[in-house]
Amino acid sequence: MFWIFLSCSGDIPSEARLQRLSAEQYRNTVAVLFPDAELDYIHIPALERGRNFDNSAEMAGVSELQVELYHDISIDIVRQLQDQFLLPDCLPNCNNALIRFAERAWRRDLRDAEKEEIRDLFSSWYNEFGDDALPLGYQYILLAPDFLYLLQEASSENRQALGAWELASRLSYFLWNSAPDPELLDVARTGALLEEGTYTQQVSRMLDDPRAKKGIRSFHAQWLRLDGVGTKALDLKQYFSESDDEYLADVFHYIHLPQLSYEHLLLIDHTVYEEGGTLSDLLQTKNAYVTPYLAAVYGVEIPSDAFSQTVNMRYEVEGEWYTEGLLYSEITLPASQRSGILTRLAPMMLTSHGAYPSPVLRGLLVQEQLLCMEPTPPPTDVPPIEDADNLEGLSNRARFAAHTENPSCASCHKAIDGIGFTFEHYDSMGRYRAFDAGEPVDSTGELLGTDVDGSVLHAIELSEQLAKSQMVHDCFSRQLFRYAMGYHEGDAEEPVIESMSSLFWTEGGDIQELMRQLALSYTFRHRRGGE
C-alpha cells in the first residue's frame, strides 16, 4: 500500500503552505472518526518542528520511514476496529459505506470522479482479496493525502478566499486542534460558512465549546516548549541517594516527569478558558494544579478542602503505553517564590543541563518565545558548562559568569544572562532554593532591548515586568498567528499582525478574544498566491 502515499513524500516548497496533521491532530482526528472504539495510544515519534510549531508547512514533507510509519498505523487502527466489530457489515457491496467514511475522514464531500475511483478500487480488491477488501478500503482512506494534509485548491491569484471546506478545516484545527464537527461540516456543505454572519456565529460557538481547550492547550504547550518535558537527561545523583538510583530514575522519568506537563495544561485550562484570563494573568498567577508528588517538589501541602480532579495521564515504559488516573488538586503557591507560568517546574527543568540550571537557556526562552528576539548564533569554540575546568564548588551563577567571560560571548550574554540569572532561585528540577553552594542566591538581573528595560531583583519581578510589556503582548500575537496559519509571516502579513497586536494590547491581553479576532481576519480566511 506504500504507493498510496509516496506521491507526497519529499520536500514541499515553503510557498505551498501545505500543512500535515501533527501527531496530536492525527490522534484527535482518529478519535472523532471512531468515537466508540477503544484504540491503543497512537504513538507518532516527535519530528523536528518548523521553528516553533508542529503544524508548520516547513515540515510538510515525509520520508520513506514516515510513510512506513503511517502505513503501519493505518493497519493497526483497522485491525483494532475489526477486533471490536466496528467496521460496517456491508459486504459484498461496501461502496456507500466507504464513500461516507471518506467524506468524514477527508473533511469534505467527494467529487463524482473520486466516488467512482473508490467504487472501482473496492471492486478490484473484493475480487482479489474477498473479505479483506473493506479493511483495505479503510487503510486507503487513512493513508490518502486528503486525510493526512489540510489540502487547498491551487491558486495563482495573489489572494483568494478559501473554499468552505478548506475554511472549515483551517478553523477547526486552529480552535479545536481536531477535525470539524457535523455542524461545521453542514454549514460548509451548504456554503453558508462563507457568509459573514454564519461564520462569525461558528467562531463564537467553537470558542465557547469545551473542545476549545484542545486548541488553547496545544498552542501554549508548543509556545513554551512543554512537549520537551522528559527529553532532558537530569543528573539524579544531585538530588537522590545512589542506593535508590535505578529505581528512582525509572519512577522519575516514567511517572513523575509527565505530571509536569499536565500541571501546566490544567493551569492553562483554568486561566485562559475557565477564567477568561489575560496574558498578564498567565504571567502572574499563583494558582497551581498539583499531584502529591508535585506538591512535595513545590514544598507545599495540599489543603484537605482543595478542589481536586482526576486526570488520565498516559506514559510510556520500555515501548509500552499505560494510562493512570492521577488526582490533581488546586492550590495557591507562595507569592514570595512563584509567579506565573515561567516559574513553574516544567519550564525550569526544560531550561537546565544535566547537573545545573542554565541561565542561558532560561534567558533564551524568554527572549525567543515572549519577546520574539532572535539571538546571534553562539561561537563554536565554547564548551558545555559541564566540561569547563576549575568551576567546582562555585555557585551556579558564578560558574556561568566565568564560563561566558569570553569577549566574543559578552555582547549577547549580557542581555540573555540578564534575564536568565533572575531564575537562580530554581534548581534544575525547578525546586525553589534560597542558597546555592552555601551562599545566598543572587537572582538579580536586568532587561535590555525591551520596552520595560531596567534592573530586576528576581523571576517574580521579571514576570511582573513582562506582564506590563507591549512588546511581550505583540510577540504573543505573532506567535499565535504562526500557530494558526502554519507558517512564519512575511511582509504581506505584517499589517494584520500589527492590527491584531494593537487590539490585543488595548483590550488588556484577552487571549480568547485574540483567537477570535485572528479567526475572523481577512488573512485567516484567504490563501496567499502559490498556496
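1. A term to settle before anything else: contact here means heavy atoms within 4.5 Å. With that in hand, Leu466 touches Leu283, Leu342, Val366, Leu370, Leu371, Leu447 and Val472, leaving out residues up to four places away in sequence. Please keep in mind while reading that this is a predicted model.

2. Leu466 also matters for the next point, the nonpolar cores. The largest core has 97 residues, and within it Phe174 and Leu466 touch the most other members. Helix α11, residues 245–274, gives the most to this core, with ten residues. A second core, separate from that one, has 42 residues, among them Phe34, Ile77, Phe101 and Ala105. As background, nonpolar side chains in soluble globular proteins tend to be buried together.

3. Two members of the second core, Phe101 and Ala105, bring us to helix α3. This helix spans residues 95–105 and is mostly covered, with eight of its eleven residues buried. The buried ones are Asn95, Ala97, Leu98, Ile99, Phe101, Ala102, Glu103 and Ala105. Their packing partners are α1 (23–33), α4 (112–129), α5 (133–143) and α6 (145–148). After α3 comes Arg107, which has a positive phi, near 65°.

4. Now for one of those partners in detail. The axes of α3 and α4 lie 10 Å apart, and the two helices pack at an angle of about 130°. Angles outside the parallel, antiparallel and perpendicular ranges count as oblique, and α3 and α4 are therefore oblique to each other. The crossing of α3 past α4 is right-handed. On the α3 side the contact is made by Asn95, Leu98, Ile99, Ala102 and Glu103, and on the α4 side by Lys115, Ile118, Arg119 and Phe122. Sorted by class, this contact holds five nonpolar, one polar and three charged residues.

5. Helix α19, residues 470–485, is worth a look too, beginning with helix α10, residues 212–223: their axes come within 11 Å and cross at roughly 115°. The two helices, α10 and α19, are therefore roughly perpendicular to each other, and their crossing is right-handed. From α10, Gly215, Ser218, Phe219, His220, Gln222 and Trp223 meet Phe476, Gln479, Leu480 and Tyr483 of α19. By class, the contact of α10 with α19 has five nonpolar and five polar residues, and no charged ones.

6. Which residues of α7 meet α19? They are Arg170, Tyr173 and Phe174, and in α19 they meet Leu480, Tyr483, Ala484 and Met485. This contact divides into six nonpolar residues, one charged and no polar. Helix α7 covers residues 164–175; its axis and that of α19 come within 9 Å and cross at roughly 130°. As a result, α7 and α19 are oblique to each other.

7. Last, a residue that links these threads: Phe219, which sits in helix α10. Is Phe219 buried or exposed? Buried means under 20% relative accessible area, so at 3% relative accessibility Phe219 counts as buried. Setting aside neighbours within four places in sequence, Phe219 is in contact with Phe53, Phe476, Gln479, Leu480 and Tyr483. Phe219 and Phe174 are 45 residues apart in sequence, and 8.9 Å apart in space from C-alpha to C-alpha.

Definitions and conventions. Residues are numbered from 1 along each chain as its sequence is written. This is a predicted model: local features need pLDDT of at least 70, side-chain atom pairs count only at pLDDT 80 or more; totals for chains, interfaces and linings use all residues. Side-chain values use heavy atoms; hydrogens and water are left out. Buried means under 20% relative accessible area, exposed over 50%, partly exposed in between (1.4 Å probe, protein chains only). Helices (H or I, at least four residues) and strands (E, at least two) are DSSP runs, numbered from the N terminus. Axes are lines fitted to C-alpha atoms, for helices over the stretch in contact, and angles run from 0 to 180 degrees between N-to-C directions. Angles under 35 degrees count as roughly parallel, over 145 as roughly antiparallel, 65 to 115 as roughly perpendicular and the rest as oblique. A crossing is left-handed if the near helix is turned anticlockwise from the far one by less than a right angle, and right-handed if clockwise. Ala, Val, Leu, Ile, Met, Phe, Trp, Tyr, Cys and Pro count as nonpolar, Asp, Glu, Lys and Arg as charged, and the others, Gly among them, as polar. A nonpolar core is a set of buried Ala, Val, Leu, Ile, Met, Phe, Trp, Tyr and Cys residues joined through side-chain atoms within 4.5 Å.
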